[in-house]
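Let's take a walk through this one together. Have the sequence and the model open side by side, and we'll stop at a few spots along the way.

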Amino acid sequence: MCNHFGAQEILRLIQKGRAMNSAEKERQGFQAGYLALLASGELEQRVRIARRHLQSCDLCARYCRVDRLKTVRGAVCRTGERTVVYSYGPHHGEEYVLRGWNGSGTIFFSWCNLRCEFCQNWEISQRGEGREVELEELAAMMLNLQARGCHNINFVTPSHAVAQILAATWIAAQQGLTLPLVYNTAGYDSPEALALLDGVIDIYMPDMKYGDSVIAHRYSHVRNYWEVNQAAIKEMHRQVGDLRLDENGLAYRGLLTRHLVLPAGLAGTETVLEFIAREISTETYVNLMGQYYPGYRASALPELSRRIAATEYREALDIAWRLGLTRQADRRW
């Protein structure tokens with residue numbers, strides 16, 4: 001759980017972040033995209049525009065149109081002007097290309113714009129455990145993660161926190177933040193939000209949960225997921241391209257997709273993988289995840305009440321290889 005920072009602690013973390021040695025990325029000629037936008041003044045402009053979007057929110061594909069500067073009533077994300085953070089710290093359970101040896105610098109945002117029946121972090125996404133943080137504290141978290149040697153800043157479940165992420169990045173970048181930013185999303189993102197993030201996010205890591213919107217509505221209570229998800233993935237890839245790795249095998253820019261294989265083919269794995277191979281790129285870095293278990297309320301749903309079989313996962317791998325998707329991460333079987 002994140003600690004509560006006072007003004008002096010925030011100042012100390014900012015000073016420590018300024019001193020962080022970023023020579024490794026500089027040697028490779030890499031510069032996080034938001035630094036160029038900071039220098040041009042565009043990043044500050046994006047912050048102002050994103051705040052205006054909160055007044056009739058369209059920053060995820062729910063399009064609640066709630067004035068989040070005044071209320072959370074009617075907002076699916078239940079998040080107002082200040083975002084809610086559950087925890088932050090180095091994470092060693094992400095894909096190797098993100099976690100490396102020092103960990104991915106994760107910031108877990110509470111609440112979510114989906115309502116997945118099988119959510120494995122439901123206390124965070126559905127109950128909203130965590131606490132509200134000011135923008136300066138969110139920026140201090142980012143600088144602290146950099147100072148601790150993390151390889152990137154990884155925003156987990158960020159779709160409803162786009163405005164706050166932009167503002168905190170603007171603050172942190174002025175104080176020495178240089179790490180790549182990872183947008184670790186459920187994949188239900190609006191074009192309005194993605195336009196604001198263009199050039200800011202270095203690595204997009206979206207879920208592709210379902211290849212069928214009817215199934216998505218049944219198990220995640222969201223409409224048009226597949227159509228929204230396809231459009232979002234195309235735009236993310238347009239912005240950052242295929243995933244690029246440095247000489248140490250660490251990602252610094254590009255698209256990494258995740259797909260959780262569900263029992264009985266409910267995730268539409270073949271449809272998802274065909275879309276990636278044919279409409280995105282066969283060079284797409286794909287994490288086919290085989291660790292499903294019936295979390296949250298899934299045990300009450302017969303079709304979701306079991307883990308997947310080894311044969312189901314191997315079938316998913318076979319489909320990927322047949323389609324030419326050979327850049328696959330951290331296999332579980």
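With which side chain does the side chain of N152 make a polar contact? Keep in mind as you look that this is a predicted model. The partner is S104, and the distance between the two side chains is 2.5 Å. The N152 side chain also reaches the backbone oxygen of L98, this time at 3.1 Å.

Where does N152 sit? You'll find N152 in the loop between α7 (135-147) and β4 (153-156). Don't let the word loop suggest an open position: N152 has 0% relative accessibility, and the cut-off for buried is under 20%, so N152 counts as buried. Setting aside neighbours within four places in sequence, N152 is in contact with L98, S104, G105, L179, P180 and V182.

Next, swing over to helix α3, which covers residues 33-40. Here G33, Y34, L35 and L37 are buried. What do the buried residues of α3 pack against? Their partners are α4, α8 (162-174) and β5. Just after α3 comes G41, with a positive phi near 90°.

G41 is a glycine, but positive phi values turn up in other residues here too. Y63 has a phi near 50°, and H221 has one near 55°; neither residue is a glycine. Both can be found in loops: Y63 between α4 (42-53) and β1 (84-91), H221 between α10 (213-220) and α11 (225-240). Are they buried or exposed? Y63 is partly exposed, with a relative accessible area of 30%, and H221 is also partly exposed, at 34%.

Last stop: the largest pocket. Its volume is about 820 Å³. The pocket is lined by 34 residues, and those closest to its centre are Q120, N121, D207, K209 and R258. Several elements give two or more residues to the lining, namely β2 (104-109), α6 (122-125), β5 (181-185), β8 (251-260) and β9 (285-289). The largest share, 3 residues, comes from β8. Sorted by class, the lining has 14 nonpolar, 12 polar and 8 charged residues.

Before you leave, it's worth tracing β5 once more. This strand is among the elements that give two or more residues to the lining of the largest pocket, and the buried residues of α3 pack against β5 as well.

Notes:
Residues are numbered from 1 along each chain as its sequence is written. This is a predicted model: local features need pLDDT of at least 70, side-chain atom pairs count only at pLDDT 80 or more; totals for chains, interfaces and linings use all residues. Side-chain values use heavy atoms; hydrogens and water are left out. Helices (H or I, at least four residues) and strands (E, at least two) are DSSP runs, numbered from the N terminus. Buried means under 20% relative accessible area, exposed over 50%, partly exposed in between (1.4 Å probe, protein chains only). On a 1 Å grid over the protein atoms alone, a cavity is a set of points where a 1.4 Å probe fits but cannot get out, and a pocket is an open set with protein on both sides within 12 Å along at least five of seven lines; lining residues have an atom within 4 Å of a point. Grid points are joined across faces, edges and corners, and a volume is the space filled by probe spheres set on the points. Ala, Val, Leu, Ile, Met, Phe, Trp, Tyr, Cys and Pro count as nonpolar, Asp, Glu, Lys and Arg as charged, and the others, Gly among them, as polar. Contact means heavy atoms within 4.5 Å. A polar contact is a pair of N or O atoms within 3.5 Å; within protein, one must be able to donate a hydrogen and the other to accept it, and residues adjacent in sequence count only if both atoms are side-chain atoms.
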